[in-house]
Amino acid sequence: MTAPRLILASKSASRRAMLDAAGVPYEAMPADLDERAIEDGLRDASPEEIAEALSVAKAAALARAHPLALVLGSDSLVVVDGERFDKPTSRENAAEHLAFFSGKVIELHSAAALVRDDTCEWSHTDCARLKVRDLSADFIEHYLRHEWPEVGQTVGCFRIEAMGVQLFEEIEGDQFTVLGMPLLPVLAALRVQGVLPS
């Protein structure tokens, strides 16, 4: 039996790197989606529900254009002190985010969903907690001098696989969730769907 075609609805380098390293055959296509409009319709939803809804919406946007393909959507959401943070809009905004995160815990919610045609076949969310150390203004400037503009594409203003690891003094949770996708549950779901051998 031929394995279904898998499309990753993302331009995220870390998500592509995870699938590449795991030996998953896929094509990457970013989903054209107004994420803020979707979030506005979910004002009373939990961070987990929002991350899951965005994952499903990203996958569904591509699934409609690619009949029979299995589309993997994924999204990450950051909450600090009850406040939700999106990707920074500028380097100055990133510095503001990092100053706010200093000494606090980042709750990182990562979700993934598999959609075929009009049906969500599977979805999953996971949460990691990252304790940010006390960050000086000098460190934040040094950090952004090296990591901007790359971290402008990330919620939380960090790439854990790069200099972003210096932000933290403690991390609780799955490393793949921290990277932006709950990979082990994704792989299990891909085996069920016949994309990977079981």
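**Salt bridges and cores**

Colleague: Why does Arg-91 count as partly exposed?

Modeller: Arg-91 has 26% relative accessibility. Buried requires under 20% and exposed over 50%, so at 26% Arg-91 falls in between and counts as partly exposed. The value is computed from a predicted model.

Colleague: What makes the pairing of Arg-91 and Glu-141 a salt bridge?

Modeller: The N to O distance between the two side chains is 2.8 Å. The cut-off is 4 Å between a side-chain nitrogen of Lys or Arg and a carboxyl oxygen of Asp or Glu; since 2.8 Å lies within that limit, the pair qualifies as a salt bridge. Glu-141, at 38% relative accessibility, counts as partly exposed.

Colleague: Why is this pair said to tie together parts of the chain that are 50 residues apart in sequence?

Modeller: Because Arg-91 belongs to helix α4 and Glu-141 to helix α5.

Colleague: How do you know that Arg-129 and Glu-107 form a salt bridge?

Modeller: Their side chains meet at 3.5 Å, N to O, and this value is within the 4 Å cut-off, so the pair is accepted. Arg-129 lies in strand β6 and Glu-107 in strand β5, 22 residues apart, and the pair thus links distant parts of the chain. Arg-129 is partly exposed at 38% relative accessible area, and Glu-107 is partly exposed at 27%.

Colleague: What makes Glu-39, Arg-84 and Asp-86 one network?

Modeller: They are joined by salt bridges that share partners. In one of these, the side chains of Asp-86 and Arg-84 meet at 3.6 Å, N to O; this again is within 4 Å, so the definition is met. Asp-86 has a relative accessible area of 26% and is partly exposed, while Arg-84 is partly exposed at 32%.

Colleague: How many salt bridges does this rule give?

Modeller: The count comes to 10.

Colleague: Which residues touch the most other members of the largest nonpolar core?

Modeller: Among its 25 residues, these are Leu-98, Tyr-143 and Phe-158. Two or more residues come from each of β3, α4, β5, β6 and α5, and the largest share, 4 residues, is from α5.

Colleague: What does Leu-98 touch, apart from residues up to four places away in sequence?

Modeller: Leu-98 touches Leu-135, Ile-140, Tyr-143, Leu-144, Gly-156, Cys-157 and Leu-167. A second core, separate from the one above, has 20 residues, including Leu-19, Leu-72, Ala-112 and Leu-183.

How values were computed
Residues numbered from 1 in each chain as written. Predicted model: local features only at pLDDT ≥ 70, side-chain atom pairs only at ≥ 80, totals over all residues. Heavy atoms only, no water. Core = buried A, V, L, I, M, F, W, Y, C linked by side-chain atoms within 4.5 Å. Buried < 20%, exposed > 50% of the residue type's maximum accessible area, 1.4 Å probe, protein only. Contact = heavy atoms within 4.5 Å.
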